[in-house]
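User: Please take a close look at one strand and its pairing partners, and then at one helix packing.

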Amino acid sequence: MNLLLSDEQTQIVDSLKVFLRDRAPVSRFRPPAPQIGNADHALWPQLAELGFLGISLPEGQGGIGFTAAEEMLAYREFGRHLLSPGILGMTLGAQLSARAGSDFLAELLQGRMSVALANPRGPAKLGAECSGEFHLFDAEQAALVLACDETGSALLRRQDFTAVRNVLGTDHVLGLERALLAGVRPAVWIDGASAALYPRAQLLLAAYAVGIAEATRDMAVEYAKSRQQFGKPIGSFQAVKHICADMAIRAEAALCQVFFAAVVQSEQRAGQEFHSIAARLVAVDAALKNAAQNIQVHGAIGFTAETDAHLFLKRSHVIEQFWGDTRQQRRQMLAAPFPD
């Protein structure tokens, strides 16, 4: 099993890095930008032109024909730039539409139709009829909403949600709504037994979390090299060195776990569900801890809006809750078939 990047994969990553550096720097969230919500949906057509919305779909279905490994590498960069979680709705929605033969596929691959994410608030039912209370993320411009769990995946029409109201969330740059479904038939539904989209969702979320863990590590190291105290860079002090070293180890361990899970999916090996959940657990833990320690390295200014450190911590807490919190993920991992 080869975990090193090929020349082609390196080129894919480099091209995406340039695009995100120019079009989606984290500084886009600073004032005078609106302090609630974001405009990342405007990037979907451009990402579609570059092929990233259908990167792992076969060419015959309008995709690029790469695998879960290349898709994972893209999500690692999305996490570094705190791209809206709506990107998960776009790529997973396209995969769900392709597997179901839905008419939505062409518009999704061109970025002309947006897909938001739905995360259940408490018990919810997904299937031929969907019910429950949900949080909707960045759904204002969306025509469709993606909901998935281990039982299956559904694309729901935004208009089928009722009692929709805006609520304030931890991550203020994400639009957040609370809404209800009451026996609604989804526009597209595929059960988990026939098309396991859930492990892919967990893998991409894990890659996004790795991006956060690496970005916050890099922020902390750069600040420790430039911030002076007692006439020396604070990175020369042992206590700060230890924090940065712990952040580096955490990010590297998470990256290795995610790489392995991506190769397992790319090569269709046994244990995809187990390894994707394991990757998600390790990566989200690294994102949460690194984001918090990045603020610690920055000191008092790390708590202010003048720096971007707080944005990474807020986003880490949000993605931890997607499709089941840590406790639920651990239960699912223990219940998943263990690969021989």
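Analyst: The strand pairing comes before the helix packing.

The model is predicted, so local features need pLDDT of at least 70 and side-chain atom pairs count only at pLDDT 80 or more, while totals for chains, interfaces and linings use all residues. Residues are numbered from 1 along each chain as its sequence is written, and side-chain values use heavy atoms, with hydrogens and water left out.

Strand β4 covers residues 152–157; strands (E, at least two residues) and helices (H or I, at least four) are DSSP runs numbered from the N terminus. Because 5 of its 6 residues are buried, β4 is largely enclosed by the rest of the structure; buried means under 20% relative accessible area with a 1.4 Å probe, protein chains only. Strand β3 (residues 144–149) runs antiparallel to β4 and is joined to it by 6 bridges, where pairing requires at least two DSSP bridges between two strands. These two strands form a hairpin with 2 residues between them, and Asp 149 lies opposite Gly 152 in β4. Strand β7 (residues 188–191) is also antiparallel to β4, through 4 bridges; Val 188 in β7 is the bridge partner of Leu 155.

Turning to the helices, the axes of α1 (residues 7–23) and α3 (residues 68–80) come within 10 Å and cross at roughly 25 degrees, axes being lines fitted to C-alpha atoms over the stretch in contact and angles running from 0 to 180 degrees between N-to-C directions. The two helices are therefore roughly parallel, a term for angles under 35 degrees.

Conventions: Parallel < 35°, antiparallel > 145°, perpendicular 65-115°, else oblique. Buried < 20%, exposed > 50% of the residue type's maximum accessible area, 1.4 Å probe, protein only.
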